[in-house]
Amino acid sequence: MLRSSLAIATVTATLIATGLPAAACGEEDKPASEKVRVSGAPGAVKNVKAVGNVPDAQGAIAMGFLQYGHRDVMAVSGEFGLKVYDLTKNPAAPKLIGEVSLPGLWETEDTEVDVKRKLVFLARDPRAFGGTTQTGESGIYIIDLKNPEKPAILSYTKVPAGHTTSCVDDCRYLWTGGPAKAANQPADWGGRPIWVTDIRDPRNPKTAPDPIELARNDGKTDYVHDVQVDDEGVAWVSGRGGVRGYWTSGYHRDPVQGKVRRATAFSPVPYAGGGIEETAAPSKFMHNSFHPSGRRSADGADSNRWHGRDLIYATEESFLDGCAGDGVLTISSLQNSYNGEGWRSTPEKPFRLKSVGTWSVAGQEGSDPTTGDCSAHYFDLRGKVLVQSFYAQGTRFLDVSDPTDPKQIAYFRPADAAAWAPYWHKGYVYVADNTRGIDILKLTV
């Protein structure tokens with residue numbers, strides 16, 4: 001039974017979904033084409049110890065962590081809806097304590113949590129419950145986890161986008177974007193931009209009618225895939241056309257308007273960023289990003305020394321025939337992008353961030369040469385070690401102390417891997433694997 005909406009009273013009703021994609025969106029919003037994989041066939045592991053697995057989370061896509069005093073809780077989203085696990089007694093053996101059953105939900109990528117109000121935000125892609133990008137319904141579920149044993153849907157709001165939804169301005173608002181445009185959206189759009197939802201009252205969210213982050217791809221409104229907020233509150237928007245950062249609160253100089261003004265979630269102030277060089281990311285589709293904290297270089301000019309705050313890490317997601325051309329991890333310099341250059345880029349006068357370094361899993365030690373599924377996907381950075389998911393090529397650990405030359409130091413590639421997103425948490429790495437559930441890893445180097 002297909003449903004276009006879900007009443008709170010029927011949270012646990014069974015929904016049968018058909019035709020869900022096999023993987024996440026790629027350059028043209030298509031799933032990866034994956035060969036049949038055989039569980040138990042030889043995989044590859046180096047400098048990593050697998051300390052646990054949660055098979056009942058099969059279909060996992062993303063997760064978040066919440067603290068209740070000394071209690072440590074993990075919320076896992078996926079095709080099943082939401083599952084809640086207690087990690088307190090044994091972080092390598094999560095205990096299922098609660099769930100919201102939404103079988104057929106899609107896609108809940110990069111699910112975020114409000115650590116203060118104990119809320120979880122699930123994005124409903126139009127392809128959920130058997131829908132399509134052309135005509136399917138999209139929106140946002142807000143889940144109350146004040147009592148982690150009894151998660152409850154506080155609200156469901158229809159939104160014109162729904163591939164991902166992200167907190168901005170201390171989780172007072174959500175920015176929701178993607179996927180490909182609907183049939184009733186402008187013909188000249190390449191994909192869905194961002195809609196802003198006020199969630200200060202999570203029982204009564206209010207979505208603004210007009211989208212933001214338009215004209216992001218050399219002047220064309222295009223697919224916004226995800227948003228990551230750095231330690232200073234800058235929201236970095238990734239999608240087709242690169243990565244652009246915005247202030248969402250406070251007073252800042254707007255380099256596009258040439259004046260100081262107040263930034264809000266509905267009218268953010270541009271900060272830095274732009275398109276990624278085509279030699280690094282030929283698809284122009286940037287899936288997600290990370291901006292490290294630290295000191296920005298004094299003059300913002302090119303130099304031989306790369307300052308942490310002048311770098312943007314981003315993943316290109318792209319599925320081509322074979323592995324060599326699939327999406328890569330990119331590291332680019334933000335220098336020379338602080339004056340609105342990324343907002344004035346056009347096809348005739350394109351602006352691109354200077355590429356510092358890239359890393360691709362294709363042909364690397366521990367890779368499976370028989371699969372054509374090698375695209376980069378979500379990553380997490382702690383210190384100088386970046387951990388990243390590469391679908392069938394598993395989880396990779398990179399030393400990025402020299403951003404011009406990332407080096408693989410460890411990997412975990414089970415034969416049936418479908419790794420989507422890794423998370424550093426209290427000395428462990430928790431991997432959302434769409435086939436295996438949750439893998440729990442310890443780096444041993």
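**Sheet pairing, backbone oddities and internal space**

Ile 312 stands opposite Ser 332 in S23. That pairing is a handy way into this predicted model, and it belongs to a longer run of contacts: S22 (residues 311–316) and S23 (residues 329–333) lie antiparallel and are joined by five bridges. Another pair in this run is Tyr 313, whose bridge partner in S23 is Ile 331. S23 also has a partner in S24 (residues 352–359), again antiparallel and again through five bridges. Here Ile 331 turns up once more, this time opposite Gly 357 in S24. Ile 331 is thus matched with Tyr 313 and also with Gly 357. In general, the strands of a sheet pair through backbone hydrogen bonds, and they may do so parallel or antiparallel.

How well covered is S23? Five of its five residues are buried. Coverage holds on both faces, with Leu 329, Ile 331 and Ser 333 buried on one side, and Thr 330 and Ser 332 buried on the other. Ser 332, the residue facing Ile 312 across the strand pair, therefore falls under the 20% limit for a buried residue.

Stepping back to the whole sheet, eight strands make up an open arrangement with mixed pairing, running in the order S15-S16-S17-S20-S24-S23-S22-S21. S15 and S21 take the edge positions; each has a single partner strand, so one side of each lacks a neighbour in the sheet. On average, neighbouring strands of the sheet are turned by 30° against each other, with direction ignored.

Both edge strands show up again at the largest pocket. Its lining draws at least two residues from each of S3 (60–68), S7 (112–114), S11 (164–168), S15 (224–229), S21 (286–290), S25 (379–382) and S29 (419–425). The pocket holds about 1,200 Å³ of space. Its lining counts 45 residues, and those nearest the centre are Asp 110, Glu 112, Gln 228, Val 229 and Arg 382. By class, the lining splits into 21 nonpolar, 13 polar and eleven charged residues.

S11, one of the strands contributing to that lining, also carries Thr 165. Thr 165 is buried, at a relative accessible area of 1%. Its side chain makes a polar contact with the side chain of Thr 176, at 2.7 Å.

Closed spaces are on a smaller scale: two cavities of 30 Å³ or more were found in the structure. The largest has a volume of about 40 Å³. Asn 217, Asp 218, Gly 241, Gly 242, Gly 275, Ile 276, Lys 284 and Arg 352 form its lining, which works out as one nonpolar, four polar and three charged residues. The second largest cavity encloses about 30 Å³. Around it sit Gly 394, Thr 395, Phe 412, Pro 414, Ala 419, Val 431, Asp 433 and Asp 439. That lining has four nonpolar residues, two polar ones and two charged ones.

The backbone has a few quirks of its own, set in loops. Trp 106 and Glu 107 are joined by a cis peptide bond with omega at about 0°, and Glu 107 lies in the loop between S6 (95–101) and S7. A second cis bond runs from Gly 178 to Pro 179, with omega near -5°. Pro 179 sits in the loop between S12 (173–177) and S13 (194–198).

Positive phi values in residues other than glycine crop up in the loop that leads to the edge strand S15. Glu 213, in the loop between S14 (206–207) and S15, has phi near 60°. Ala 215, likewise placed between S14 and S15, has phi of about 55°. How exposed are these residues? Glu 213 is buried, because its relative accessible area of 6% is under the 20% cut-off. Ala 215 comes in at 32% and so counts as partly exposed.

Conventions: Residues numbered from 1 in each chain as written. Predicted model: local features only at pLDDT ≥ 70, side-chain atom pairs only at ≥ 80, totals over all residues. Heavy atoms only, no water. 1 Å grid on protein atoms, 1.4 Å probe; cavity = no way out; pocket = protein on both sides within 12 Å on 5 of 7 lines; lining within 4 Å. Points joined across faces, edges and corners; volume = space filled by probe spheres on them. Nonpolar A, V, L, I, M, F, W, Y, C, P; charged D, E, K, R; others polar. Helix = DSSP H or I, 4+ residues; strand = E, 2+ residues; numbered from the N terminus. Buried < 20%, exposed > 50% of the residue type's maximum accessible area, 1.4 Å probe, protein only. Pairing = 2+ DSSP bridges. Axes fitted to C-alpha atoms, helices over the stretch in contact; angles between N-to-C directions. Polar contact = N/O pair within 3.5 Å; in protein donor to acceptor, adjacent residues only side chain to side chain.
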